[in-house]
Amino acid sequence: MRIEQTTQFLYENIGEEIKITACRSLDEAICIPEEIGGYPVTEIGDYAFSDSGKQQENQMGTGSCPNVRERTEQPLPYLCGKRLKEVHLPKSIRKIGRYAFYNCTMLAELSCSSNIQDLGSGFFTGCRRIGHIQIKVREDEKSCLKDLLSELRQMLTVTYESQRGKAMLLFPEFFEESVENTPARLLEIRTHGCGHRYRYCFDKTKFQFHEYDELFPHVKAQEPEEIVSRLALGRLQFPYELGKNAKNEYEGYVKDHIKSAFTILLEQRELDTLKWLLSQWTFQKEEVDEAIQMANDYHYVEALGYLMDYCHENYKIKKRKFEL
């Protein structure tokens, strides 16, 4: 039997380091190895995951990383462009080249370390579906989080992990439009949405949690209930660097908009967060009954079972009496 790799990394040796130039795979997600052939993988090359020209190429490139499968007649397709949905970068990566993910229109999730030092121009151009970034932060080092956020204007959830704790941060969407002021012969740039404010919560490259929490009045005024509830739930469930006043404000909002909170968690099938929420406060039976009805409407069997057990354990059910 002849064998071949299920994932093949095309790369260049730069001294004693590796630069990834492309990838061939049948998968939709890619996990870049920390080293190849004993050398650390430190760079993602220019246009590495862009589909520019790759669909017409058939050559295998300069190297590959082992992971075997039965041989097929056709070479593995390039993992690039709209085929790519997830990217997981190792902590060894220090540079991402120009337009590395150009027009990866289905890319939805990125995980990386904060120690990436060089981000090339336009590396996320066309990546409008990215919704989740998981970043491991060394708080005593320069972080790339600010630069990542500046490239993406859509709503983002960021899982922030450091040696001292974990936070779940939501960054609302924003967009800009050009408006012509004809009498003054000026072109004005108007910003819509409060997402740009949240992306300014940095002191140099260090994220400022207190500044993030102080923006809560803005998101309450400008965003729908579901987004505000999602932001508040994330900060409360993972309260890293969360002050007492901010905690009270988030808790007050969630309690006042509990239907929105239940709707989000049931729609997105977040059973663990639902369990956490139910463990935080005492809820009225009517509120839990409404959540049970929503779980039934969404056909979310696991949540429905849990909510019914919760209701049975926490609320006394009056027995009916029958008189003859």
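Visitor: What makes K244, N245 and D256 count as exposed, and which face of helix 6 carries them?

Guide: In this predicted model, K244, N245 and D256 sit on the face of helix 6 turned away from its buried side. A residue is called exposed when its relative accessible area is over 50%, and K244, N245 and D256 are placed in that class.

Visitor: Which residues of helix 6 are buried, and how do you know whether they line one face of the helix?

Guide: The buried residues of helix 6 are A246, Y250, E251, Y253 and V254. Looking down the axis of helix 6, one finds these buried residues within an arc of 160°, and therefore they line one face of the helix. As background, an α-helix has 3.6 residues a turn, so residues three or four places apart point the same way.

Visitor: What do the buried residues of helix 6 pack against?

Guide: They pack against helix 3 (209-214), helix 4 (216-222), helix 5 (225-237), helix 7 (258-267) and helix 8 (271-280).

Visitor: How do you know what span to expect of helix 6?

Guide: Helix 6 covers residues 244-256, which is 13 residues, and at 1.5 Å a residue the expected span is 18 Å. From its first C-alpha to its last the helix reaches 18 Å, close to that expectation.

Visitor: Why is S92 called buried?

Guide: The cut-off for buried is under 20% relative accessible area, and S92 has a relative accessibility of 13%, so S92 counts as buried. S92 belongs to the loop between strand 8 (86-88) and strand 9 (95-96), and, leaving aside neighbours within four places in sequence, S92 is in contact with E34, V41 and T42.

Visitor: What makes the pairing of the side chains of E139 and R164 a polar contact?

Guide: A polar contact needs a pair of N or O atoms within 3.5 Å, and the side chains of E139 and R164 make one at 2.8 Å. The side chains of E139 and Y240 are likewise joined by a polar contact, of 2.9 Å. E139 itself lies in the loop between strand 12 (132-137) and helix 1 (145-150).

Visitor: How many cavities of 30 Å³ or more are counted, and which residues line the largest cavity?

Guide: The count comes to one cavity of 30 Å³ or more, and about 40 Å³ of space lies in the largest cavity. Its lining is made by T157, M168, L169, L170, R230 and G234. Strand 14 (166-171) and helix 5 are the elements that give two or more residues to this lining, and strand 14 gives the most, with three residues.

How values were computed:
Residues numbered from 1 in each chain as written. Predicted model: local features only at pLDDT ≥ 70, side-chain atom pairs only at ≥ 80, totals over all residues. Heavy atoms only, no water. Helix = DSSP H or I, 4+ residues; strand = E, 2+ residues; numbered from the N terminus. Expected span 1.5 Å × (residues − 1). Buried < 20%, exposed > 50% of the residue type's maximum accessible area, 1.4 Å probe, protein only. Arc of directions from axis to C-beta. Contact = heavy atoms within 4.5 Å. Polar contact = N/O pair within 3.5 Å; in protein donor to acceptor, adjacent residues only side chain to side chain. 1 Å grid on protein atoms, 1.4 Å probe; cavity = no way out; pocket = protein on both sides within 12 Å on 5 of 7 lines; lining within 4 Å. Points joined across faces, edges and corners; volume = space filled by probe spheres on them.
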